[in-house]
Amino acid sequence: MSDRIEQLQEEVKNSSSIHIDSQWLNYSGIEEYFSEELVITVKAGTVIKEIQAQLEENQQIFPFYIADENQSIGAAYAIGAQDISDSVLGVKIIDGSGELLNFGGQVMKNVAGYDVARMLVGSQGQLAIITQISFKVMPKSYVADLKPSYKENERSTLREEIEGRLKTVFDPRGVFN
């Protein structure tokens, strides 16, 4: 396990409030890339432009729209919409108790219960620290012109209830704000 992950775990355990951003996370790079398997695993602080350059070498691309390629992939995940969610295979997080948890993996089919890796897309840093994300990628020739997906900002009672329950599971101490 990396020293930075251990530092982040300690910071969470010893904090009463944390605001997560890429600079604070300070954890970037491509962890693994299997071009033949169409799977890439990246650290959350990695700038999207860096990932795209690696994918371009094999004529591959993320199959979701990216508004700002200078932001980190973790930021895109945190504010993501349906199109990014469909590409997530797995995620590593640090929860509100400082525990490192792994959900999903690097395979296209995962049937091990709730798909937490996809549920956390769009959580805006309110539930956990996203440290690493695995994505499926596509050959460039298979992906049409990508356009932004729009999600409604309307907050339903059901959504608020689900988010509240997730908060009690992943951040019982209320560390993430």
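Where does Ser97 lie? In this predicted model, Ser97 is found in the loop between β4 and β5, and to see what surrounds that loop it helps to walk through the whole structure before returning to it.

The protein has 177 residues, of which 40% count as buried, and it contains 7 helices and 7 strands. Reading along the sequence, one meets these elements in the pattern α-α-β-β-α-β-α-α-β-β-α-β-β-α. Among the contacts between residues at least 6 apart in sequence, 68% join residues that are at least 24 apart.

A good place to begin is the sheet. Five of the strands form an open sheet of 5 strands in the order β1-β2-β6-β4-β5, and the pairing is antiparallel. Because β1 and β5 stand at the edges and each has a single partner strand, one side of each is left without a neighbour in the sheet. From one strand to the next, the twist averages 10 degrees.

At one edge, strand β1, residues 30-34, is joined to strand β2, residues 39-43, by 4 bridges, and the two run antiparallel. Within this pair, Tyr33 stands opposite Ile40 in β2. The hairpin of β1 and β2 has 4 residues between the strands, and in it Leu38 takes a positive phi near 60 degrees. At the other edge, β4 and β5 pair in the antiparallel sense over 5 bridges, and here Val91 stands opposite Phe103 in β5.

Helix α1 packs on the sheet, where it touches β4, β5 and β6, and its direction makes about 60 degrees with that of β4. Which residues of helix α1 are buried? They are Arg4, Ile5, Leu8, Gln9 and Val12, in a helix that covers residues 3-13. These buried residues cover an arc of only 140 degrees around the axis, which puts them on the same side of α1. The spacing fits a general rule: an α-helix has 3.6 residues a turn, so residues three or four places apart point the same way. Besides the strands β4, β5 and β6, the buried residues of α1 also pack against helix α2. The N-terminal end of α1 is capped by Ser2, which has a side-chain oxygen 3.2 Å from the backbone nitrogen of Arg4.

In soluble globular proteins, nonpolar side chains tend to be buried together. Here the largest nonpolar core has 39 residues, and those with the most contacts inside it are Ile40, Phe62, Ile73, Tyr77, Leu120, Ile130 and Phe135. At least two residues of this core are supplied by each of α1, β2, α3, α4, β4, α6, β6 and α7. Ile40, already met opposite Tyr33, shows how such a residue reaches distant parts of the sequence: leaving aside its neighbours within four places, its contacts include Ile51, Leu55, Phe62, Ile133 and Phe135.

Two serines can now be set side by side. Ser85, in helix α5, counts as buried because its relative accessibility is 11%, below the 20% cut-off. Leaving aside neighbours within four places in sequence, Ser85 is in contact with Arg118 and Val121. Ser97, by contrast, is partly exposed, with a relative accessible area of 33%. Not counting residues up to four places away in sequence, Ser97 touches Val12, Lys13, Pro172 and Arg173. The C-alpha atoms of Ser97 and Glu10 are separated by 9.5 Å, although the two residues are 87 residues apart along the chain.

Key: Residues numbered from 1 in each chain as written. Predicted model: local features only at pLDDT ≥ 70, side-chain atom pairs only at ≥ 80, totals over all residues. Heavy atoms only, no water. Pairing = 2+ DSSP bridges. Buried < 20%, exposed > 50% of the residue type's maximum accessible area, 1.4 Å probe, protein only. Arc of directions from axis to C-beta. Contact = heavy atoms within 4.5 Å. Polar contact = N/O pair within 3.5 Å; in protein donor to acceptor, adjacent residues only side chain to side chain. Core = buried A, V, L, I, M, F, W, Y, C linked by side-chain atoms within 4.5 Å. Axes fitted to C-alpha atoms, helices over the stretch in contact; angles between N-to-C directions.
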